[in-house]
Amino acid sequence: MCPHQPPCPAADGPDREAARTMVHHPEQGWSLLCNGVVLFEDTGELLPDGGVIAPHRPTDVPARTAPAPSAV
């Protein structure tokens with residue numbers, strides 16, 4: 001149970017990454033959040049139930065291509 005007020009988001013919620021950091025190991029590349037989620041520096045996650053969330057960096061989104069210049 002989260003001792004914070006207001007309580008941290010649940011591990012199965014879409015906002016789970018907003019939970020407070022309880023343990024931080026930047027030299028190892030991970031942090032433990034209050035809701036039991038292990039958050040890795042590559043944005044991957046290990047959930048308390050053993051589930052895995054693949055890394056989801058904003059840079060993983062395909063780049064938009066600029067529209068072709070129109071001929072005038």
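These legends walk through close-up views of a predicted model.

The model is predicted, so local features need pLDDT of at least 70 and side-chain atom pairs count only at pLDDT 80 or more, while totals for chains, interfaces and linings use all residues. Residues are numbered from 1 along each chain as its sequence is written, and side-chain values use heavy atoms, with hydrogens and water left out.

**View 1. Strands β1 and β2 pair up in the antiparallel sense.** Strand β1 covers residues 21-25, and four bridges link it to β2. (Strands are DSSP runs of E, at least two residues long, numbered from the N terminus; two of them pair if DSSP finds at least two bridges between them.) Look for H24, whose bridge partner in β2 is S31. Four residues sit between the strands of this hairpin, and G29 takes a positive phi near 85° there.

**View 2. Strand β2 has two faces.** This strand runs over residues 30-33. S31 and L33 make up the covered face, with W30 and L32 on the uncovered one.

**View 3. Strand β3 joins β2 in another hairpin.** Residues 38-40 form β3, which pairs with β2 in the antiparallel sense over three bridges. Here L32 stands opposite V38. The hairpin has four residues between its strands, and G36 in the turn shows a positive phi of about 90°.

**View 4. V52 is an exposed residue in strand β5.** That strand spans residues 52-53. V52 counts as exposed (over 50% relative accessible area, 1.4 Å probe, protein chains only) because its relative accessibility is 65%.

Technical notes:
Buried means under 20% relative accessible area, exposed over 50%, partly exposed in between (1.4 Å probe, protein chains only).
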